[in-house]
Amino acid sequence: MTTTTAVKTKTREIGYISPRRQRVMGIIFLLIAGVIWYFFSRTTSSDMITTFNMSPGGSDVLTPDLVFETLPVLNALAFISAGLGAYQLVRGFKGKTNLVLGILAGFLMLGFLSWGAADKSLNLAGLLKVAVVRSVPLTLGALSGILCERSGIINIGIEGMMLGAAFTSTVVASLSNVWVGLIAAILTGAAFGWLLAVFSIKYKVNQIISGTVINIFATGLTSFLSAKFLQKYAYLNSPGQFPAWEIPLLSKIPFFGPILFNHNIFVYTMFILLIVLTVALFHTRWGLRLRSAGEHPKAADTLGINVNRTRYISTILGGMVAGIGGAYFVLGSVGRFDEVMTAGRGFIGLAAMIFGNWMPSGALGAGLLFGLADSLAGKLTILRIPIPPKFLEMAPYIVTMVVLAGVVGSTQPPASEGIPYEKE
Amino acid sequence: MTDNQEKPTQAEAVPAKPNAIAIFFEELRQNSLTVTILAIVTGLLLGGVVAVLTTESVYAAFGTSFGAGWREVFRIFGLTYSALFTGAFGQPDKIQAAIASGDWGQINTAFSPFFESLVQSTPYILAGLAVALGFRVGLFNIGAEGQIFVGALAAVWAGTHITGLPAWIHAPLALFIGGLGGALWGFIPGLLKAKTGANEVINTIMMNYIAFRLSEYLLTGYLKDPTKSHPISATVEVTAWLPRLFPNPNRFHVGFFIALAMAALVYILLFKTTWGFQLRTVGLNPNAARYSGMSIVKSTVIAMSLSGALAGLAGAVEVLGVNRNLGVAFSSGYGFDSIALALLGNNHPVGVVLSSLLFGFLRNGALRMQLSAGIPIDIISIMQAAILAFIAAPGIIRTIYRLKEPKEEIGSSILTASRKEKPL
């Protein structure tokens, strides 16, 4: 009798951190403290003052600015980080290690921003608001990936799905209105999802190649149609955009209100989908069946679950979510279609999915992180930070590789993803 | 018996789950030549269909009469393929006239489309070899695009910042440095995969984006030509140029022969050396490889580095042979196309060369077709995606053309392979 756990690459150990990892983490914590002290504190003179604006531009909810002396705050951050690092080396935080790592990453970010804005003011609220906006396509891409991969189908084609959906939403919305355009985008995403499912399930094509085919096809078709028609008939490329909706009560919360609750429908959809997917995947029977199709299809089959049909459905659903993400590019952001406008966001969404350990909440966290890096890159020139913006743009990718290398603990993909299921 | 010191943790890092790539390619090798040729032909025909469907004069003609409509359909069909053909091979009447006149300049010009197709094929050959080598070891190298960039950057650096060398040293040195750059770009994801088990698909995609940002950074800064206003490098020293064989407008350069030489080298490496045998075994059956003492870690790292080196060489050859400088929008989709190439060529150097020639001729033909028939070049992406789809899912071709299923051999179809690959 074959043992099933050998199919997994690593087993998830609950709460156990190996001594080696404990030491590595401790050194990383100390390194963070060192960076804060060496690069930030040492180059700050004691009379510098940092101002964080706490309300985004154009908002009518005014929160007073946060003003503080830079050097003491930086020193405090470095000190706390060093203390936590020492504790980690000596006793170790065990299960809470990742949480502490997240906190320290936050410290590093805070220190970085405080240092960069010394003697100037930085609109922190604006930065965070833009981060939320930029994270939408990434998170939606990651959610789409989660739906597909949790049932066992690797979806590399998110980029192509988004691009195709963006195109159809442009044309349809130009001919009617944004709502119909959004529906068209969802249907396009579903169609691509169906295509991926047919290739991967019926013809058992290697799923990376199926995804690649979809990417090449979508890029080629949309660029072709765009060059042929959209450039000639400008009225086909004027779809309009969704307006921003302010949620009445919630958007008045100081600081967080304008950042989270004054956006267009795509941001709210992202939040709603996050909650819906978390509940559906982890608290319903439907979700359990879906996940079992991805973890151990044979067992699922024995229990009467139609594995391939489950995979078809989840891939089509995943395509729909990718379709919403694609519509965002046009109807929620730029307001027109440009060739290859997704610019790799679909792949970053995949990275966000892995970073988030195939959980919707993780996907949102990773998406926000990448969105923050994106929005930060724009501000760097305003502040006196001498890092070239291009290097900051590289940061999300490098961070993903670091995460994948297992620094933040092992990621746990669905065990049977990528392998077509055969009923024997 | 074994000459490597593999600790259990290292062996764990490369997962023991069934190698989806090996399974997939075993299935593909059953493809008869018929299916391959039909796949290519059908894919090319699909391009014509798309062209017809998107030409307005066709619909106008159908408006007048049924016959006129179909005449227009055939006209567009013919126009598309004749433009493609003359773009790729040269115009027959011009060639005839040139040969009749006996003037070398005229002959040169008449044949230059054909040679330009060979020029376009050159990077495809090298990038296709890179991806095919990766596949042979069971690795997905989607990072070809980034490796091409880094190779090009390194070669440009060597060509502009190293001076005073004679041509017979400078050019090979620049090529070597380009290959080294690409090797580095393949080494990093290879090492991560070998040591930590991190998925090389995502890592190579991340390296692509890091390469893009890096090239943007360098081409607007350190490598930028001070006399030009847009991000482009200085022109490479004449001593580093890859010589062209014919005068203008014929751009055929020795890089083509370098690419062929590389194909021969890869063939010898893979099929005529022990080491190549090891690499192939690691790809086909990692368990057997490990059992017989081959180091999976070493094989993975070396294969990815070599793969990256080949792709880097592609970038270097393009820079030193064709443009002699480097602009930001330099490579366009070579990375994904080379996956299609490797697949089409069945991961064999000869197959890769043949498919690269096909793609190169298609690409050159489409470039000129865009000018002469007004059909956007993206149509070849559609054709390539279709060809790739038909090759990867031969069932579609068999269904369309009512071909018989191939005889199933024991242990070489995905059904039996997946059964055999149950974990030990």
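No salt bridges turn up across the interface of chain A and chain B: the rule finds 0. Keep in mind that this is a predicted model. For polar contacts across the interface of chain A and chain B, the count is 1 residue pair, with both residues at pLDDT 80 or more. The two chains still bury about 4900 Å² between them, and 76% of that area is on carbon and sulfur atoms.

**How the two chains meet**

- On the chain A side, 53 residues are in contact with chain B, where 54 residues take part.
- Three residues of chain A are worth finding in your viewer: A:F224, A:Y397 and A:M401 supply 14% of the area that chain A buries against chain B, more than any other three residues.

**What the chain A side is made of**

- Helices α7 (207-230), α13 (345-355) and α15 (389-404) of chain A each supply at least two residues of the side that touches chain B.
- The largest share of that side comes from α7(A), with 15 residues.
- By residue type, the side of chain A that touches chain B divides into 33 nonpolar, 11 polar and 9 charged residues.

**A nonpolar patch on the surface**

- Elsewhere in your view, look for A:I27, A:L30, A:L31, A:L89 and A:V90, which form a nonpolar patch on the surface with about 450 Å² of accessible area together.
- Two helices of chain A, α1 (19-41) and α2 (70-90), each supply at least two residues of this patch.
- α1(A) gives the most to the patch, with 3 residues.
- A:V90, one of the patch residues, lies in helix α2 of chain A.

Technical notes: Residues numbered from 1 in each chain as written. Chains lettered and ligands numbered in written order. Predicted model: local features only at pLDDT ≥ 70, side-chain atom pairs only at ≥ 80, totals over all residues. Heavy atoms only, no water. Contact = heavy atoms within 4.5 Å. Buried area = accessible area lost by both parts, 1.4 Å probe. Salt bridge = Lys/Arg side-chain N within 4 Å of Asp/Glu carboxyl O. Polar contact = N/O pair within 3.5 Å; in protein donor to acceptor, adjacent residues only side chain to side chain. Helix = DSSP H or I, 4+ residues; strand = E, 2+ residues; numbered from the N terminus. Nonpolar A, V, L, I, M, F, W, Y, C, P; charged D, E, K, R; others polar. Patch = residues over 30% accessible without salt bridge, like charges linked within 9 Å, V, L, I, M, F, W, Y side chains within 5 Å. Areas by Shrake-Rupley, 256 points an atom, 1.4 Å probe, with all protein chains shown as cover.
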